[in-house]
Amino acid sequence: DFELLSKGEGRADAWMSEADGRSGGCIVVRLPINEVLSFFCSARRLGGRCCAVQILQKRALSGADAVNALRPFYFAVHPDFFGQHPREREVNENSLKRLNGYLENLQKPGPRSIKPTKLTFYVRDTKQKTDSKGDLPSSAFRSVTFTLQSKDVLNTVVEVLKSCSLSVEHMQGLLKTRAESQNSPKQGGTPFYRPIKWDKTYYSFTGFRDPEQELEQAKKMETTLSLWLKNNEPEATKKQNASVPRRAELKRLKRELIEKLGLVDIRWQRKWGVAHRCCQLQSLSRLSLQSPEALLNLRGHIVVFTDQSGMNASGHVMLGTMDVHHQWTKLFQRLPSYSSLYQQTVWLKDRISFLLGGIQVIHMEGVGPVLPLEDHYSTLNTFHKRLLPHRLALHPRSLQGLTMTLENDRSTPRLHDMGHFIIPVMCDGVQLQNFLQSHAQEARRRMQRKNQLEAEEEDVMSNCVQDLSLRSLSKEPSVSSSQMIPCCRRLMEDRSPHMQGLHLCVSHFYSVMQDGDLCIPWDWKG
């Protein structure tokens with residue numbers, strides 16, 4: 001049933017007819033009359049019902065519809081619900097970024113390269129009740145891993161929902177339209193699109209949970225910093241005191257391995273607990289005793305414990321924490337080959353810099369998933385081959401001092417707030433030259449501002465540690481300098497006595513880590 005609004009009266013929305021209730025109820029759709037007339041006029045001009053079906057098909061494949069269809073999924077994996085589980089929260093945040101990038105890539109016009117994408121999510125049971133503090137028990141979520149390979153938005157959405165064992169009943173209409181349209185003659189047409197906002201009564205009559213309302217309730221449960229510290233400081237202090245011997249053992253193991261193996265440094269990709277890090281170092285130490293000759297190739301390298309073994313884009317040796325000694329040994333044997341490949345990436349960066357007026361290709365380490373060296377080399381090589389035939393007219397030093405990153409899943413170049421260029425690998429040469437030249441001055445201004453913010457951030461963090469008598473102060477890579485600076489200043493103004501002698505990390509959520517470290521959101525409420 002359609003209820004027409006006068007022209008310009010409002011946006012489209014829909015709800016279940018209250019008179020009909022659950023059994024036999026119809027969906028009442030309120031549409032501005034100009035939109036309805038435009039829709040049916042287009043259908044009549046372009047071939048009647050067949051055109052209308054095709055228009056609906058295009059409507060079903062829009063990005064906004066994908067977001068609406070995935071609402072149950074977003075509600076089940078949203079990082080805001082995993083505040084007390086930082087590892088699961090980080091996994092979901094990274095996977096959501098990759099999923100959104102995959103969907104965006106599907107919607108780009110023209111030819112595009114779609115690579116299979118493996119994703120892991122922690123899916124919570126939306127029927128599970130949280131405790132009195134609003135925490136989600138670890139038994140209330142499960143791990144789901146799947147690989148996206150579909151070439152269109154609709155099938156991708158269905159694949160995501162089914163992989164997470166979520167209902168696709170609300171997708172049946174779109175799936176039926178897709179099936180009908182595939183059996184209909186193809187005709188051109190102009191897509192009709194208007195986002196539908198479901199009325200609250202829709203959820204009342206269908207029994208579905210309103211994701212927006214649930215998320216809003218979760219946000220309202222956010223507490224103030226002073227109250228949270230008062231309730232959690234004793235637990236943090238107890239855990240930190242218990243972790244002191246483990247921290248000393250970790251420091252000793254790290255120092256001894258660096259000296260014994262001739263390493264530059266040992267690092268960790270994730271914020272694993274101290275006990276977990278000690279186990280990783282002890283495992284590497286045992287391997288050095290069992291097969292000392294296998295570790296000779298490690299000399300002069302930086303070792304990073306992460307989720308996969310190999311070498312990353314920065315030339316650091318990655319040791320997968322789930323791999324066994326045999327896999328590590330095979331990696332050490334291949335290190336000369338990896339080092340040769342790394343030197344080729346350095347050469348490619350120099351060549352690209354020469355062709356683009358001195359601009360430097362960089363990789364943002366610590367932001368997003370780890371970039372393996374093989375993928376980094378492939379990206380650089382593809383971009384370099386595309387640059388060569390264009391012979392761009394750039395002065396050799398006109399862009400010196402500027403930086404850029406390369407991305408495979410972007411269609412247009414842009415300038416980041418921090419001053420570096422983000423360039424698509426398949427970017428047209430003439431378009432690239434015009435963009436770099438026209439934005440060079442603004443890029444230098446933003447880079448100067450970034451350097452000022454970083455210097456100011458370092459200074460204010462040092463003052464914060466001293467004023468609050470903190471044991472240490474750190475932040476998550478996703479917290480920017482412009483967020484960290486006001487956070488530290490507000491902490492010094494608040495001067496809470498509950499943080500004295502503790503390790504503090506500024507993040508996006510409240511949490512007491514297993515070793516007593518306190519995590520607080522950068523935008524904490526006073």
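Helix H14 (373-387) and helix H15 (429-468) each give at least two residues to the lining of the largest cavity in this predicted model. H14 makes the largest share of that lining, with three residues. H14 also packs on a mixed four-stranded sheet, which is described below together with another open sheet, a helix with a capped start and two residues worth a visit.

**The largest cavity**

- The cavity has a volume of about 50 Å³, and the model holds three cavities of 30 Å³ or more.
- Its lining is made up of Phe-383, Arg-386, Leu-387, His-390, Val-425, Cys-427, Asp-428, Gly-429 and Leu-432.

**The sheet that H14 packs on**

- Here the strand order is E11-E12-E14-E13, in an open sheet of four strands with mixed pairing.
- Strand E11 (360-361) and strand E13 (414-415) sit at the edges, each pairing on one side only.
- H14 touches E11, E12 and E14 as it packs on this sheet, and its direction makes about 105° with that of E12.
- Strand E12 (residues 403-407) runs parallel to strand E14 (residues 421-424), and four bridges join the two.
- Two of the residue pairings to look for are Thr-405 with Ile-422 in E14 and Glu-407 opposite Pro-424 in E14.
- On the other pairing of E14, two bridges link it to E13 in the antiparallel sense, and Arg-414 has Ile-422 as its bridge partner.
- E13 and E14 form a hairpin with five residues between the strands, where Gly-419 takes a positive phi near 100°.

**Pro-424 and the faces of E14**

- Which way do the residues of E14 point? Phe-421 and Ile-423 point one way, Ile-422 and Pro-424 point the other way, and all are buried.
- Pro-424 belongs to strand E14, and it counts as buried because its relative accessibility is 1%, under the 20% cut-off.
- Pro-413 lies 11 residues from Pro-424 along the chain, and the C-alpha atoms of the two are separated by 6.0 Å.

**The sheet that H11 packs on**

- This open sheet also has mixed pairing, and its four strands come in the order E7-E8-E10-E9.
- Strand E7 (265-268) and strand E9 (310-311) are the edge strands, with pairing on one side only for each.
- Helix H11 (residues 274-290) packs on the sheet and touches E7, E8 and E10, with a direction at about 135° to that of E7.
- Four bridges hold the parallel pairing of strand E8 (residues 302-306) with strand E10 (residues 317-320).
- Along that pairing, Val-303 has Val-317 in E10 as its bridge partner, and Thr-306 stands opposite Gly-320 in E10.
- E10 pairs with E9 in the antiparallel sense over two bridges, and Met-311 stands opposite Val-317 in E10.
- Five residues separate E9 and E10 in their hairpin, and Gly-315 in the turn has a positive phi of about 85°.
- The residues of E10 are buried on both sides: Val-317 and Leu-319 point one way, and Met-318 and Gly-320 point the other way.

**Asn-312, in a hairpin loop**

- Asn-312 is found in the loop between E9 and E10.
- Is Asn-312 buried or exposed? Asn-312 counts as buried because its relative accessibility is 8%, under the 20% cut-off.
- Its side chain reaches the backbone nitrogen of His-316 at 2.9 Å.
- Leaving aside residues up to four places away in sequence, Asn-312 touches Met-318, Glu-365, Val-370, Leu-371, Pro-372 and Leu-373.

**Helix H6 and its ends**

- The buried residues in helix H6 (residues 153-163) include Val-153, Leu-154, Thr-156, Val-157, Val-158, Val-160 and Leu-161.
- At the N-terminal end, Asp-152 acts as a cap, with a side-chain oxygen 3.2 Å from the backbone nitrogen of Leu-154.
- After H6 comes Ser-165, whose phi is positive, near 60°.

Definitions and conventions: Residues numbered from 1 in each chain as written. Predicted model: local features only at pLDDT ≥ 70, side-chain atom pairs only at ≥ 80, totals over all residues. Heavy atoms only, no water. Pairing = 2+ DSSP bridges. Contact = heavy atoms within 4.5 Å. Axes fitted to C-alpha atoms, helices over the stretch in contact; angles between N-to-C directions. Buried < 20%, exposed > 50% of the residue type's maximum accessible area, 1.4 Å probe, protein only. Polar contact = N/O pair within 3.5 Å; in protein donor to acceptor, adjacent residues only side chain to side chain. 1 Å grid on protein atoms, 1.4 Å probe; cavity = no way out; pocket = protein on both sides within 12 Å on 5 of 7 lines; lining within 4 Å. Points joined across faces, edges and corners; volume = space filled by probe spheres on them.
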